[in-house]
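Me: I am new to this structure and should be grateful for a close look at one part of it. Please begin with a single pair of residues and then place that pair in its wider setting.

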Amino acid sequence: MDSTVNTPADRPVSLLSGSILRWAGLGGIALIFLYVVWGLYLAGEPVFAVVMFTLGSIATVLFGWARFYTWRFVFPAVAAVALFILLPVLYTSAIGFTNFSARNLLTFERVQDYHLARMDKAEGSARAFGLTEDRRLYFPPTADQPALITDPLTDAEAGNLTATVAPVEAPGLQAVREVIKNRAVLQTLSVTAPDGSVLTMDGLREFAAAEPLYILSTDGVLLAKDGGILTPNHKTGFYQTADGQQISPGWRVGVGWQNFNKVLTSDGVRQPMLQIFLWTVVFAFLSMALTFAVGTALAVILDWQHLSHKGLYRVLLVLPYAVPGFISILVFRGLFNQNFGEINMILTGLFGIKPTWFTDPVLAKTMLLIVNTWLGYPYWMLLIGGFLQAVPQDHYKAAALDGSGPVRNFFAITLPQILPPSVPLLIANFAFNFNNVVLILLLTRGGPDIPGTIIPAGSTDLLGSFTFRLAFNDSGQDFGMAGAISTIIFLITGIIAYANFRVMQRVAAKRSARG
Amino acid sequence: MMVEDKTTLRWRKIAAHGFIIAFIALIMFPFLMVLSISFREGNFSTGNLLPERPTLEHWALALGFDYTRADGTVMTPPYPVLLWLWNSIKIGLIASAGVLLLSTTSAYAFARMKFAGKSTVLDALLIIQMFPAALTVIAIYAIFDALGQVVPWMGVDHHGAVIIAYLSAITLHIWTIKGYFESIDPALDKAAQIDGATPWQAFRYIFLPLALPILAIVFVLSFIFLVNEYPVASVLLRDTDQMTLAVGARQYLYPQKYLWGDFAAAAILSGLPITVLFLICQRFLISGLSDGGVKG
């Protein structure tokens, strides 16, 4: 490839082989996509199949058509974001319009199969049995049926023994103890009687024929053995009896805006949600501002030409970023412990105070901000350190001639230079903290609880962790409700992201116009 | 040379060093505590910074060895920490390479090419990226459950699924790299164009080599982010032997089985490789990010 850049003579040849390679590659990619699409369709996932087909088609067109040359650079990135962020967001919102939950987990077909597979003892089919000395099954005669005997247990074929009419003379039977000993084998055994019925073990003393509890009738109605009927109700996602009783398990059905109505009209959900929303905004903003301020301050100091040992300082200061966050958070949970945590031990020794980090809402929030600043400042320190390299040194020289101090230098020269490239990263940082679910779940689990609410809502809960706790943790998994609240969070996130983005854009534009 | 008063300069130096050292002391406190806890006896965290009777029990267990206590009881490692660490590193490295590839190419297009809908796509990416992965895990599970039925290595409990899902964590990196490309003198493009280079050649032979320092930073940032990622990995990886460290580490601190000491040793063990990676990348992290595109 290197030669093509420098020697034009080579170009036609390598262009030709290049284009053959390209078409072959393109065909290969298209085939792979088709294979996956077909497989998804066969696996009963039409939605994903359509999505994959769309992506594959776009990829083929972009890479096959010179017109879309530029888009080839962008498409893979956009596709990854669309497939693994946008699609899940839409899919989660769609779940918000269903009753998908622990009670309505399966599809309708699976629920139907479940009911149809349920077996019950057939009326009057029970036969007492015993185990003979040579390990055959013997069924004594009843009023209207002759005695039956099978081959020895060891002769069973695929777990089935055939019974024949036994001689009139009853064989010697072993005690029930032997039956218990062989229970494991007996329970997997089926016995085919001369009349064709199949008997299975029903208790320690009886074998009986099983028959399905329900039979599928027309219109999907299930006829029960006792004459009752089960009607599928596709509005509630349950089979119901004639008097309206719902039979578990249920299946997934669309329920429209029901989940959203519950969220917006049920006081127990709506009131804490407002409070949590405000705290989420405050937390996200303060986290962003604090980490940016600390990180920038450190980066500026480290950038100072007269400072020695920069390398060592930088390594040590970056350490909080190097250690995986999930570990640091758990460590802080232990260190902040009110009774035996090392932080309170030191505070008691120095000042005689013992802050209640986990039970006082204000202190809990303070703790979260401290930990989050500790976790987040190195990111800004690294990035700002990079941006500082681009600030022209001439400016500082000119300022020094003017007698400008370091503080004035920072606000007059440094900040205007590093802020514009930071704006999009600040927005992203805000949104990240807006949804910093892992921090909350690992450190405070949302606590302390907000008093007087019906649902588990904590004063340090972010909207995201609140949804997690409401839907996934406590009272059964309610994916539908979680989807509905998630949808609301997505909307809020989107609106804030957009508004924030526009405001920041304007600020940056003004600043650069002034500078 | 810059004109600065000698006395003022010395006081400023002392203040700067003092501030940094005090700050570092504050930052290092949790690390020292964890180090101390990992050498303490038992699994309860009380005592001095210097353990009174230091023991290697937690470290032996973290490294996967049995440990025989003084009273003869043999402790066996509760979890395969090293395997988790390897899983994390493997997934982190492969996915970061992919992230780098996707974000560099698209950042180049966004910074240096003109095409319809460019700003729309950029804004949309920014906004989409902010949607929390933690709330879409049901859907992500469903996607990979379906994909796994067609392509097994992309299914649930396979590292391939996690790696592919991680390829979407690119928007921040696109912006970082794009900012760098934009700072490169436009004269370079023109020169390349006049020499007859296609945009791909200009990207591959001119911009990519120039961007190496920022690419190193993005790679490290991406790696750290992915090793830390919890929600997606926790949903896609259920089997103990397939888990990443982020998913597995939580198992140490279940209320019923609280292994604080073992956790501390495992935590340090897993933090080390990433720190080492940082030290290796130090050269790139510090060296001038924008040496300037126009040279020679």
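Reply: The pair chosen is B:Lys178 and B:Glu182, which both lie in helix H7 (residues 171–182) of chain B, four residues apart, or about one turn of the helix. Helices (H or I, at least four residues) and strands (E, at least two) are DSSP runs, numbered from the N terminus. The model is a predicted one, in which local features need pLDDT of at least 70 and side-chain atom pairs count only at pLDDT 80 or more, while totals for chains, interfaces and linings use all residues. Residues are numbered from 1 along each chain as its sequence is written, chains are lettered from A and ligands numbered from 1 in the order in which they are written, and side-chain values use heavy atoms, with hydrogens and water left out.

B:Lys178 and B:Glu182 form a salt bridge, their closest N and O atoms being 3.2 Å apart. The term denotes a side-chain nitrogen of Lys or Arg within 4 Å of a carboxyl oxygen of Asp or Glu. Side chains of opposite charge can pair when their charged atoms come close. The two partners differ in cover: B:Lys178 counts as buried at 8% relative accessibility, whereas B:Glu182 is partly exposed, with a relative accessible area of 42%. Buried here means under 20% relative accessible area, exposed over 50%, and partly exposed in between (1.4 Å probe, protein chains only).

A second salt bridge in chain B joins the side chains of B:Asp189 and B:Arg112 at 3.0 Å, N to O. B:Asp189 lies in helix H8 (residues 187–194) and B:Arg112 in helix H3 (residues 81–112) of chain B, so this pair ties together parts that are 77 residues apart in sequence. Both B:Asp189 and B:Arg112 are buried.

In chain A, the side chains of A:Asp134 and A:Arg136 meet in a salt bridge (2.8 Å, N to O). A:Asp134 is partly exposed, with a relative accessible area of 42%, and A:Arg136 is also partly exposed, at 27%. A:Arg135 is placed in the loop between strand S3 (130–131) and strand S4 (136–139) of chain A. A:Arg135 has a positive phi of about 60 degrees although it is not a glycine, and at 31% relative accessibility it counts as partly exposed. Over all chains, a search of the whole structure finds four salt bridges.

Another acidic residue of chain B deserves attention. B:Glu229 occupies the loop between helix H10 (212–228) and helix H11 (231–236) of chain B, where, at 9% relative accessibility, it counts as buried. The side chain of B:Glu229 reaches the backbone nitrogen of B:Ala233 at 3.1 Å. Leaving aside its neighbours within four places in sequence, B:Glu229 is in contact (heavy atoms within 4.5 Å) with B:Tyr166 and B:Ala246.

These details belong to a chain with 13 helices and four strands. Of the 296 residues of chain B, 54% count as buried. Among contacts in chain B between residues at least 6 apart in sequence, 65% join residues at least 24 apart. Chain B exposes about 13400 Å², of which carbon and sulfur atoms supply 67%; such accessible areas come from the Shrake-Rupley method with a 1.4 Å probe, and for residues only the protein chains shown count as cover.

Finally, chain B meets chain A in a contact that takes 100 residues from chain B and 106 residues from chain A. The area buried between them is about 9000 Å², with carbon and sulfur atoms giving 81%; buried area is the accessible area (1.4 Å probe) that two parts lose on being put together, summed over both. Within chain B, B:Met130, B:Leu135 and B:Ile138 lose the most area to chain A, together 8% of what that side buries. Between the two chains there are zero salt bridges, but six residue pairs are in polar contact, both residues being at pLDDT 80 or more. A polar contact is a pair of N or O atoms within 3.5 Å; within protein, one must be able to donate a hydrogen and the other to accept it, and residues adjacent in sequence count only if both atoms are side-chain atoms. Helix H1 (residues 6–38) of chain B provides the largest share of the side that touches chain A, 17 residues. The residues of that side divide into 71 nonpolar, 22 polar and seven charged. In this division Ala, Val, Leu, Ile, Met, Phe, Trp, Tyr, Cys and Pro count as nonpolar, Asp, Glu, Lys and Arg as charged, and the others, Gly among them, as polar.
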